[in-house]
Amino acid sequence: MYFHWGWLEPVMPVPYVPTLGPVRPGDPLLDLFEAVLEIAGTGRFLPYDKDRRWSDRKAERVLVDAIWHDSIQTLVPTLVERGAGVVKVHVYGDASGSLAAGADLARRLAVVHGAAKARVVWFLGPEQPEAYAQGMGTRVQLKDFTQGPVEAPGVPVHEDKQLQEGAGFAEFAEQMAGDGFAFLHEQMRAGTVGPVLTVLHDGRVAGAIGPMETMADVGGAARLLPQYFGVLPQYRGHGYGRALWRAAMHWGHQHGAAYQLLQTEVDGASDRLCAAEGLASLGFVYQRKA
């Protein structure tokens, strides 16, 4: 299966590759699409796949034989082989009926592969009204470190390569489990991830961001990987979130990262913070039940 760039490019408002996620504008998108097809079903990770830091086997694969690709629209289905299974159809195209076609394909493939969930994923460019994305969408944001370091954090931020349980990170992680910190706590205990930045309130962890790690992208540039990021509700409004964010961006700049890509819930706290800190919006990614 080979993609025709003249068909795909006009219907790709966001640089987003199935199973890889958002990529930097200017990356060889056609090569990336072909690469995820080449390893489909092998369980292998591409060397620049951000998810390979969490597992030794890729849990999501493109269903190559079910791809629909023509001059009007491109539908790329994937299967997440984790838990009860999820089929996702990535819809590239703004023709009338494209979303309906993607949803129908997702439902049919979920039955074929015994997946419990069927979803459709679609995209809109950064010029679209963000109100369309509220409640179901994320904004893809780009931080460019070549523009220089960010402003220093306003409160002290600690860099922890090993857990400081006396500061209550375990309790923090439990309270913030919904934001991924329980999983991160397990990885920290296993010593498999980079350092985590924390801010303390009366000697106890009030907020954290991490792990802090970089990875070479398809072109060899260092990319600061996405982090888990959160502040306990009772300590919001103290400037801790902005301090953690700026400390993380400073870490990325100091460790040679060229950029970072993030997906933030539209109009959520992280989304508003990134906008205030001058990140560039690359567009919107939507996902809903098929």
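Select strand 3 and strand 5 in this predicted model. The two strands pair in the antiparallel sense, over 3 bridges. Pick R61, then look across to strand 5: the bridge partner there is L79.

**Stop 1: the neighbours of strand 5**

Add strand 4, residues 68–69. Strand 4 runs antiparallel to strand 5, and 2 bridges join them. Show W68 as sticks; L75 of strand 5 stands opposite. Now follow the chain from strand 4 to strand 5. The two form a hairpin, with 4 residues between them.

Next, select strand 6, residues 86–92. How many bridges join strand 5 to strand 6? There are 7, and these strands also run antiparallel. Click L75 again and find V91, its bridge partner in strand 6. Strand 5 and strand 6 make a hairpin too, this time with 5 residues between the strands. Stop at G83 in that hairpin, where phi is positive, near 65°.

**Stop 2: the side chains of strand 5**

Show the side chains of residues 74–80. In a regular strand, side chains alternate between the two faces of the sheet. Here T74, V76, T78 and V80 point one way. L75, P77 and L79 point the other way. Is strand 5 enclosed or open to solvent? Of its 7 residues, 7 are buried, so strand 5 is largely enclosed by the rest of the structure.

**Stop 3: W54 and F183**

Move on to the aromatic rings. The model has 11 aromatic pairs. Select W54 and F183. Their ring centres are 5.2 Å apart and their planes meet at 65°; because that angle is over 60 degrees, the pair is edge-to-face. W54 sits in the loop between helix 2 (29–38) and strand 3 (60–62), while F183 is in helix 5 (residues 181–190). The pair links parts of the chain 129 residues apart. Are these rings buried or partly exposed? W54 is partly exposed at 23% relative accessibility, and F183 is partly exposed at 31%.

Widen the selection to F169, F172, F181 and Y228. Together with W54 and F183, they form one aromatic cluster.

**Stop 4: W122 and Y286**

Finish with W122 and Y286. This aromatic pair is stacked, with 4.9 Å from centre to centre and 10° between the planes. W122 lies in strand 7 (residues 117–124) and Y286 in strand 16 (residues 280–289), so the pair ties together parts 164 residues apart in sequence. W122 is buried, with a relative accessible area of 13%. Y286 is buried as well, at 2%.

Terms used. Residues are numbered from 1 along each chain as its sequence is written. This is a predicted model: local features need pLDDT of at least 70, side-chain atom pairs count only at pLDDT 80 or more; totals for chains, interfaces and linings use all residues. Side-chain values use heavy atoms; hydrogens and water are left out. Rings of Phe, Tyr and Trp (its six-membered ring) pair if their centres lie within 6.5 Å; planes under 30 degrees apart count as stacked, over 60 as edge-to-face and the rest as tilted. Buried means under 20% relative accessible area, exposed over 50%, partly exposed in between (1.4 Å probe, protein chains only). Two strands pair if DSSP finds at least two bridges between them.
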